[in-house]
Amino acid sequence: QVHLVESGGGLVQPGGSLRLACAASGPTVSTNAMGWFRQPEGKEREFVAGLRWNGGSGGNSYYSVPVKGRFTISRDHAKNTLYLQMNSLKPEDTALYYCARYRGRPIMSTMWDPESVDSWGQGTQVTVSS
């Protein structure tokens, strides 16, 4: 099973930026799509961004409405690492952020669904507050 470890969370002021990283290890050769979800305290886990690719480079990205235009998902194929660049952060972005590896080759319209994920990281806390 793929092992995912997130890093980069922390406390940031509104309007600030953070970059999350997710290092993947194990049988990653069959991975075709990864993403980020978040879970605010007391709420359900929600989709943030997803990236689907063929081969070693490129890919198609997909974002939830609340983060589109502010967050950017990317990956370093050589390092088996997924990133989430978060700009113009708002207090409502405060949540535990999880890295996710999707099952098989998902179609874009299913990437919002946590049931499409087969591996999760342990989460990294992002707090946006003044």
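# Exercises on a predicted structure

Serine 74 lies in strand β7. The model used in these exercises is predicted.

**Exercise 1. Describe the surroundings of serine 74 and decide whether this residue is buried, partly exposed or exposed.**

*Solution.*
Step 1. Leaving aside residues up to four places away in sequence, serine 74 touches Leu51, Thr81, Leu82 and Tyr83.
Step 2. The relative accessibility of serine 74 is 30%. Buried requires under 20% and exposed over 50%, so serine 74 counts as partly exposed.
Step 3. Serine 119 serves as a reference point: serine 74 and serine 119 are 45 residues apart in sequence, and their C-alpha atoms are 18 Å apart in space.

**Exercise 2. Determine the strand order of the open sheet that contains β7, and state which strands stand at its edges.**

*Solution.*
Step 1. The sheet has 4 strands, in the order β1-β3-β8-β7, and the pairing is antiparallel.
Step 2. β1 (3–7) and β7 each have a single partner strand; they therefore stand at the edges, and one side of each is left without a neighbour in the sheet.
Step 3. On average, neighbouring strands of this sheet are turned by 15 degrees against each other, direction ignored.
Step 4. The antiparallel pairing of β1 and β3 runs over 5 bridges. Within β3, cysteine 22 is the bridge partner of glutamate 6.

**Exercise 3. Locate the disulfide and describe its geometry and setting.**

*Solution.*
Step 1. The structure holds 1 disulfide. Cysteine 22 and cysteine 99 are joined by it, with an S to S distance of 2.0 Å.
Step 2. Cysteine 22 belongs to strand β3 and cysteine 99 to strand β9; the pair links distant parts of the chain, 77 residues apart.
Step 3. The angle about the S-S bond is -80 degrees, and the link is left-handed.
Step 4. Cysteine 22 and cysteine 99 are both buried.

**Exercise 4. Trace the salt bridges of arginine 38 and aspartate 93, and establish which residues they join into one network.**

*Solution.*
Step 1. The model contains 4 salt bridges. In one of them, arginine 38 pairs with glutamate 46, the closest N and O atoms being 2.6 Å apart.
Step 2. Arginine 38 is buried, with a relative accessible area of 4%, whereas glutamate 46, at 32% relative accessibility, counts as partly exposed.
Step 3. Arginine 38 also forms a salt bridge with aspartate 93, where the closest N and O atoms are 2.9 Å apart. Aspartate 93 lies in the loop between β8 and β9 and arginine 38 in strand β4, so this pair ties together parts that are 55 residues apart in sequence.
Step 4. Aspartate 93 is buried, with a relative accessible area of 1%. A salt bridge also connects the side chains of aspartate 93 and arginine 70 (2.8 Å, N to O).
Step 5. Arginine 70 lies in the loop between β6 (57–63) and β7, so its pairing with aspartate 93 ties together parts that are 23 residues apart in sequence. Arginine 70 is buried, as is aspartate 93.
Step 6. Through shared partners, the salt bridges join Arg38, Glu46, Arg70 and Asp93 into one network.

**Exercise 5. Identify the residues that touch the most other members of the largest nonpolar core, and the elements that contribute to this core.**

*Solution.*
Step 1. The largest nonpolar core has 26 residues, and Trp36, Leu84, Met86 and Tyr97 touch the most other members.
Step 2. Two or more residues each come from β3 (18–25), β4 (33–39), β5 (46–54), β7 (71–76), β8 (81–86), β9 (95–102) and β11 (124–128).
Step 3. Apart from this core lies another, of 8 residues, including Ala33, Phe47, Met108 and Met111.

How values were computed:
Residues are numbered from 1 along each chain as its sequence is written. This is a predicted model: local features need pLDDT of at least 70, side-chain atom pairs count only at pLDDT 80 or more; totals for chains, interfaces and linings use all residues. Side-chain values use heavy atoms; hydrogens and water are left out. A nonpolar core is a set of buried Ala, Val, Leu, Ile, Met, Phe, Trp, Tyr and Cys residues joined through side-chain atoms within 4.5 Å. Buried means under 20% relative accessible area, exposed over 50%, partly exposed in between (1.4 Å probe, protein chains only). Two strands pair if DSSP finds at least two bridges between them. Axes are lines fitted to C-alpha atoms, for helices over the stretch in contact, and angles run from 0 to 180 degrees between N-to-C directions. A disulfide is a pair of cysteine sulfur atoms within 2.5 Å. Contact means heavy atoms within 4.5 Å.
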